[in-house]
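Visitor: I am new to this structure. Please pick one helix and look at it closely, then show me what else is worth seeing.

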Amino acid sequence: MRVTTPRPPGAPPLLLIFSITVTGILNNTLLGPAIPDILATFDQPASRAGLLVASGALPGIVVAPLIGVLADRFGRRKVLTPCLVVFGIGGGMAALAPSFALLLTFRLVQGVGGAGLINLAVVIIGDFWTGNEGARLVGRNAATLTISLAIFPALGGLLTEIGGWRLSFAPYPLALVTALLVWRLLPEIDLHPQPHVTAQLREAAKVLRRPLLALATVAAFGVFFLIFGLYLTVLPVLLEDRFGLSAGARGLIISAPALSSTVAALTVGRLRATYGGRRLVLVGSVCFTIAFVTIGVAPSLLVLLLGGLFYGLGEGLSIPTYQDFVAGAAPPASRGAVVAVWVGAARAGQVAG
């Protein structure tokens with residue numbers, strides 16, 4: 001994907017922003033194909049798969065809004081860097097966990113660090129780019145996310161087959177490298193003198209009460225409930241039970257929808273300019289409905305893959321559009337908090353799913 005769009009004076013490299021998104025999406029994408037192997041190692045029933053996935057998302061319900069408020073008060077770099085460090089350490093320790101309980105504990109630590117990564121990447125785009133260019137770059141950031149969704153489940157499955165599920169956790173400490181790059185390359189913007197915390201929260205709440213943003217926040221819960229409940233938690237178990245697929249094959253199947261999702265995300269800026277954001281959200285919702293019904297009744301892998309392509313279209317059209325709605329509507333001094341509340345709703349959807 002080309003990232004040659006002109007940078008405003010003082011803006012960070014786009015590749016740095018995209019690397020933050022890539023690091024954040026590592027949390028559950030590497031884990032998915034290895035879930036049956038992890039449960040087998042610790043002699044856990046399939047019902048514990050949801051707990052394993054949720055443990056990485058649960059802290060974000062509370063921590064993501066807090067991270068946003070802190071980023072608005074103290075600056076993006078000073079908050080983002082320790083988040084990346086905590087994420088990398090938590091993920092690395094999870095690979096060494098001797099019990100299922102400790103694995104969940106380290107996943108919770110990892111979830112604390114990861115709670116602010118994807119939303120702060122969107123916030124940084126909103127800090128330096130606005131209007132159609134901002135919408136286009138939010139779409140490119142979402143495409144980066146979906147490309148990662150294509151690569152990391154396959155990588156996680158491959159690493160699991162090569163060296164067991166613990167090896168699939170090996171990429172998590174790379175977040176420490178991202179932390180170093182953020183500290184060195186991310187400039188701080190002038191956020192102006194910040195009001196008292198209560199006034200800051202009051203201002204963010206005022207923005208979030210706008211009907212469009214309120215609906216986008218509710219939709220975040222629903223969309224991520226479906227993605228994490230049905231696709232990333234249930235599907236790996238279904239692929240093993242119904243079709244007898246290995247970890248590597250499960251990773252490839254889970255990754256396949258990222259192809260259609262990437263195409264949708266890369267064109268979302270142009271599509272929004274032509275048809276409007278509300279129509280894109282409506283089409284995305286229809287695609288999700290077709291996808292999950294098709295996957296649920298699929299008699300063969302070919303039909304399941306067809307449903308997966310509709311899932312990818314829904315994801316690629318909906319998520320960047322919602323993100324742009326939220327980031328574009330908030331002023332810089334409360335953008336971190338507003339976007340983080342949206343992400344907190346998404347995290348709640350993940351855990352509930």
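**A helix with two sides**

Guide: Start on the outer side of helix α15, where R278, R279, L282, T289, V293 and V297 are exposed. Exposed means over 50% relative accessible area, buried means under 20%, and partly exposed lies in between (1.4 Å probe, protein chains only). Helices are DSSP runs of H or I with at least four residues, strands are runs of E with at least two, and both are numbered from the N terminus.

A word on the source. This is a predicted model, in which local features need pLDDT of at least 70 and side-chain atom pairs count only at pLDDT 80 or more, while totals for chains, interfaces and linings use all residues. Residues are numbered from 1 along each chain as its sequence is written, and side-chain values use heavy atoms, with hydrogens and water left out.

Now the helix itself. α15 covers residues 277-297, which makes 21 residues. From first C-alpha to last, α15 reaches 31 Å, close to the 30 Å expected at 1.5 Å a residue. That expected span is 1.5 Å times one less than the number of residues.

Turn to the buried residues of α15. They are G277, L280, V281, G284, C287, F288, A291, F292, T294 and I295. Seen down the axis of α15, these fall within an arc of 160°, so they line one face of the helix. The arc is that of the directions from the helix axis to the C-beta atoms. An α-helix has 3.6 residues a turn, so residues three or four places apart point the same way.

What lies over that face? The cover includes α11 (211-243), α14 (268-275) and α16 (301-329).

Look at α16 through one residue. S318 sits in helix α16. S318 counts as buried because its relative accessible area is 1%. S318 touches V281, G284, S285 and F288, leaving out residues up to four places away in sequence. Contact here means heavy atoms within 4.5 Å. V281, G284 and F288 are among the buried residues of α15.

α11 comes next. E240 is in helix α11. E240 counts as partly exposed because its relative accessibility is 34%. Beyond four places in sequence, E240 touches P36, L245 and R250. P36 is 204 residues from E240 in sequence, yet 8.0 Å away in space, C-alpha to C-alpha.

R250 leads to α12 (residues 247-255), a helix that is mostly covered, with seven of its nine residues buried. Those are A247, G248, R250, G251, I253, I254 and S255. I253 is buried because its relative accessible area is 11%. Beyond four places in sequence, I253 touches Y231, L239, L245, L301, L304 and L305. By contrast, I253 and L180 are 73 residues apart in sequence and 34 Å apart in space, C-alpha to C-alpha.

α11 matters for the core, too. The largest nonpolar core has 95 residues, and I38, L80, L103 and F169 touch the most other members. Its largest share, 14 residues, comes from α11. A nonpolar core is a set of buried Ala, Val, Leu, Ile, Met, Phe, Trp, Tyr and Cys residues joined through side-chain atoms within 4.5 Å. F169 touches L31, I38, G91, A94, A95, L103 and R107, not counting residues up to four places away in sequence.

Last, the empty spaces. On a 1 Å grid over the protein atoms alone, a cavity is a set of points where a 1.4 Å probe fits but cannot get out; a pocket is an open set with protein on both sides within 12 Å along at least five of seven lines; lining residues have an atom within 4 Å of a point. Grid points are joined across faces, edges and corners, and a volume is the space filled by probe spheres set on the points.

There are five cavities of 30 Å³ or more. The largest cavity has a volume of about 280 Å³. Its lining has 20 residues, of which I25, I118, F224, F228 and Q350 lie nearest its centre. Two or more lining residues come from each of α1 (14-29), α8, α11, α16 and α17 (332-352).

The largest pocket has a volume of about 160 Å³. Of its 13 lining residues, W129, T130, G131, D324 and G328 lie nearest its centre. α7 (117-128), α8 (131-163) and α16 each supply at least two lining residues. α8 gives the most, with four.
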